[in-house]
Amino acid sequence: MLMPISIQIQTIDYCNRKCPWCPNSKIEKQPTSLMSWSIYFKIIEDLRKIHYGGAIHPYMMGEPLCDPRMPEMIHMANKFFPDNVIFISTNGDYLKRKEDVKDLFDKGLTWMGVSHYDDRNDHLKKMVEFPRMVHTPIEKLRETFYNRAGNIDVPCIHPMKSCDWIFQKAYINYRGDVILCCSDYKYEMVFGNVMDQPFGEIYNSENYNYYRKAHRQGWGKELPLCEKCNRIEKEETKNVRNFEENRVL
């Protein structure tokens with residue numbers, strides 16, 4: 001059975017910022033778009049049954065700390081997966097005090113990435129007692145920007161020959177849908193829902209494997225959603241594939 005090395009679990013589909021390089025600046029979302037506890041528990045149980053050993057990222061496409069339940073969700077993940085890496089990436093807006101940071105690490109967070117888009121949260125850099133809080137300046141962050149599968153008009157500085165994420169990562173949105181990518185802000189490519197089918201079966205499904213096959217053979221850029229992503233380069237192919245004739249979806 002194939003398993004990802006990391007899985008993103010979207011506990012909330014919302015961000016408090018509207019950064020111009022992010023699709024959240026154009027797509028209206030609500031802070032009430034929360035993953036239910038029943039879906040979260042089902043994901044944890046599915047991962048436990050397949051002895052998942054990869055990293056757990058309880059966030060996707062937004063600001064994880066907009067979810068007031070985040071410390072408890074980290075605690076729940078750590079309870080069942082004490083040896084797994086648990087990571088969040090945050091803009092730091094909700095971390096006003098040292099106690100806020102300490103609580104997350106006490107609950108089981110392995111490490112935290114803070115994206116410094118401006119100088120609003122420079123006070124976090126002074127909290128040297130948290131060596132597992134990693135700070136990334138805007139200059140470095142810009143090197144990773146891309147158009148998020150066509151959802152925003154942003155150039156990609158370092159495009160890749162093929163997508164590695166399709167083989168390494170998994171993504172579950174707040175509804176429990178296993179989607180193709182963290183760039184799928186409109187949930188266009190859904191492989192299944194964890195409330196209807198175990199995560200392991202969805203991740204190893206025929207539709208999911210079709211996308212992997214395409215990227216492995218060098219024609220992933222021809223697939224829906226991937227075709228709009230400037231993170232991967234367009235490769236010239238002699239034999240043009242017709243996705244509509246071959247897809248299972």
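A salt bridge here is a side-chain nitrogen of Lys or Arg within 4 Å of a carboxyl oxygen of Asp or Glu. The model in these views is a predicted one, and it holds 17 salt bridges.

**View 1. Lys 98 pairs up with Glu 129.** Their side chains meet in a salt bridge, at 3.1 Å from N to O. This pair ties together distant parts of the chain: Lys 98 sits in helix H3, while Glu 129 sits in the loop between E4 and E5, 31 residues apart. Lys 98 counts as partly exposed because its relative accessibility is 43%. Glu 129 comes out at 39%, so this residue counts as partly exposed too.

**View 2. Asp 93 meets Arg 120.** Here the N to O distance of the salt bridge is 3.4 Å. Again the link is between distant parts of the chain, with 27 residues separating the partners. Asp 93 belongs to the loop between strand E3 (87-90) and helix H3 (98-106), and Arg 120 to the loop between strand E4 (111-116) and strand E5 (133-137). With a relative accessibility of just 7%, Asp 93 falls under the 20% cut-off and therefore counts as buried.

**View 3. Asp 106 and Lys 102 share a helix.** Both residues lie in helix H3, four residues apart, or about one turn of the helix. Their side chains form a salt bridge at 2.6 Å, N to O. Asp 106 is exposed, at 53% relative accessible area, whereas Lys 102, at 43%, is partly exposed.

**View 4. A four-residue network.** Arg 17, Asp 93, Asp 118 and Arg 120 are joined into one network by salt bridges that share partners.

Methods. Residues numbered from 1 in each chain as written. Predicted model: local features only at pLDDT ≥ 70, side-chain atom pairs only at ≥ 80, totals over all residues. Heavy atoms only, no water. Helix = DSSP H or I, 4+ residues; strand = E, 2+ residues; numbered from the N terminus. Buried < 20%, exposed > 50% of the residue type's maximum accessible area, 1.4 Å probe, protein only.
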